[in-house]
Amino acid sequence: MTGDDTNDASVTFADVEAARERLDDPSVVKPTPTERSTALESKTGAEAVTLKLEHLQWTGSFKTRGAYNKIKRELEAGTLDQVVAASAGNHAQGVALAATTLGVESTIVMPKTAPQTKIDATRGYGATVELVGQDFQAATAHAKELVAESDAEFVHAFDDPAIVAGQGTLGLEMVEDVPDADTVVVPIGGGGLISGIATAFAEHSPETRIVGVQAEGAATVHDSLAKGEPRTLDSVDTIADGIATGGISELTLSVIEEHVDEVVTVTDAEIADAILLLMERAKQVVEGAGAASVAALLSGELDVTDENVLALLCGGNLDMTMLMEVVIHAMTRRRQILRLRIHIDDRPGKMEHISGIIADHGGNIQTVRHDRGIMDLNVGEAYLVFEVETSGAEQAAAIVDGIAEQGYDVDIVS
């Protein structure tokens, strides 16, 4: 095939190079920086861990690369007045910015569950937004109906060679940033991102191990590889909405089979921990999809001992409601938020006594309540339920031990 043929359902390195030539407007797509993480090096045993900060892209993610390449390529081939896309948020913003910049109208179909911040941002970039269904699949079905009723061009989130080639321009940057990388870690949703990046590395650094990461509640790659065809989930359940496509395509599966060495899955709890660690230690705020690569490094599923690792932070559009949930969840796992249920004789002074024990150990009581209407309690008994802020697991253990030493039955509750 030629290196720039719109009809070919495959991607070559020449396509990626052509896409880089098209991405000539730094107000739409800019080179993003890298940063070493000594915290991740100490936790993983890697010789070096470099973070590629693509979440600092104008739209907060890599998606504008593929969208701009796709739309500009279509304009080069002929007339294009309108595009339609479906997205949970990041692709939506990328298409909206690319289309508006190139003078093309855009309609984006987003799930009703999409974060409000992503909906607002997409409209802010000039798109018409329609909210349909509860997930990416429902939004995609409606978007295709809109295309069938009009002359609009559908801009798929990942199942398009032009999209994959555009995402591959990020791979070119990553090769240039860390040319001696032993392992590159990339999140996978529909597979367009890792397909483009893997194509770039296959040309410039074929010895580099390419590792993909999926959220456990949206993982389809292992099953697709085993079956030899793309597999789709009926529903997805993950905080990483940016990679919650619930399926890959024949195009991306073929590239993954050829160029991706390993795929691991991570839980939402691991993703939440990674988001919090990146905020605390790297001073980077990323969404669930953006943190998936770091979650994989922390999960123990990858051995990167003594390696030079390049991990991609691909999205930074973290909704504030989700941020609050993630922080609370992660702090609870760390025992920085400690919930205790203590069995007492329901007499005056018990709450004061236990509160004093907690205070003596440096805990900060956030809330406390009496539970009396519990089936397993006898008359005259109650539970005191405390929520306590601590410095971490060591202080939490000291508080629990201190209460138990005073003769109380105490349980840690979620």
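This report describes the overall dimensions, selected helices and individual residues of one protein chain.

The model is predicted: local features require pLDDT of at least 70 and side-chain atom pairs count only at pLDDT 80 or more, whereas totals for chains, interfaces and linings use all residues. Residues are numbered from 1 along each chain as its sequence is written, and side-chain values use heavy atoms, with hydrogens and water left out.

## Overall description

The protein chain contains 15 helices and 14 strands; helices (H or I, at least four residues) and strands (E, at least two) are DSSP runs numbered from the N terminus. Its C-alpha trace spans about 80 × 50 × 40 Å along the principal axes. Of the 414 residues, 55% count as buried, where buried means under 20% relative accessible area, exposed over 50%, and partly exposed in between (1.4 Å probe, protein chains only).

The accessible surface of the protein chain comes to about 17,300 Å², and carbon and sulfur atoms account for 46% of this area. Accessible areas come from the Shrake-Rupley method with a 1.4 Å probe; for residues, only the protein chains shown count as cover. Among contacts between residues at least 6 apart in sequence, 72% join residues at least 24 apart, a contact being heavy atoms within 4.5 Å.

The chain carries 29 positive and 68 negative charges, and the mean positions of these two sets are 5 Å apart. Lys and Arg count as positive and Asp and Glu as negative, while His and the chain ends are not counted. Each charge is placed at NZ of Lys, CZ of Arg, CG of Asp or CD of Glu.

## Helices α3, α6 and α12

Helix α3 (residues 63-77) has 15 residues and reaches 22 Å from its first C-alpha to its last, close to the 21 Å expected at 1.5 Å a residue. The expected span is 1.5 Å times one less than the number of residues. This helix is mostly covered, with 12 of its 15 residues buried. The buried set includes the charged-type residues Lys63, Arg65, Lys70, Lys72, Arg73 and Glu74. Elements covering the buried residues of α3 include α1 (13-22), β3, α4 (90-101), β6 and α7 (161-177).

For helix α6 (residues 136-148), the 13 residues should span 18 Å at 1.5 Å a residue, and the end C-alpha atoms are indeed 18 Å apart. Its buried residues are Phe136, Ala139, Thr140, Ala143, Leu146 and Val147. Seen down the axis of α6, these residues fall within an arc of 115°, so they line one face of the helix; the arc is that of the directions from the helix axis to the C-beta atoms. Their cover includes the strands β3 (82-86), β4 (105-110), β5 (128-131) and β6 (153-154).

Helix α12 (residues 288-299) has 11 of its 12 residues buried, so it is largely enclosed by the rest of the structure. Among these buried residues are Gly288, Ala289, Gly290, Val294, Leu297 and Ser299. Just after α12, Gly300 takes a positive phi of about 85°.

## Residues with positive phi

Asp306, in the loop between α12 and β10 (308-313), has phi near 65°, a positive value in a residue other than glycine. Arg335 lies in the loop between α13 (320-333) and β11 (337-345), and its phi is likewise positive, near 65°. Asp306 counts as exposed at 56% relative accessibility, whereas Arg335 is partly exposed at 31%.

## Buried residues of α5 and β3

The table gives the relative accessibility of three buried residues.

| Residue | Relative accessibility |
|---|---|
| Lys118 | 1% |
| Ile119 | 1% |
| Ala86 | 3% |

Lys118 lies in helix α5 (residues 116-124). Leaving out residues up to four places away in sequence, Lys118 touches Ala88, Gly89, Asn90, Gln93, Met110, Asp241, Glu287 and Asn317.

Ile119 is also placed in α5. With the same sequence neighbours excluded, up to four places away, Ile119 touches Met110, Ala114, Val129 and Leu131. Ile119 and Ser87 are 32 residues apart in sequence, and their C-alpha atoms are 10.0 Å apart in space.

Ala86 belongs to strand β3. Beyond its neighbours within four places in sequence, Ala86 is in contact with His91, Val109, Phe136, Ala139, Thr140, Ala143, Phe154 and Ala157. The C-alpha atoms of Ala86 and Thr107, 21 residues apart along the chain, are separated by 8.7 Å.
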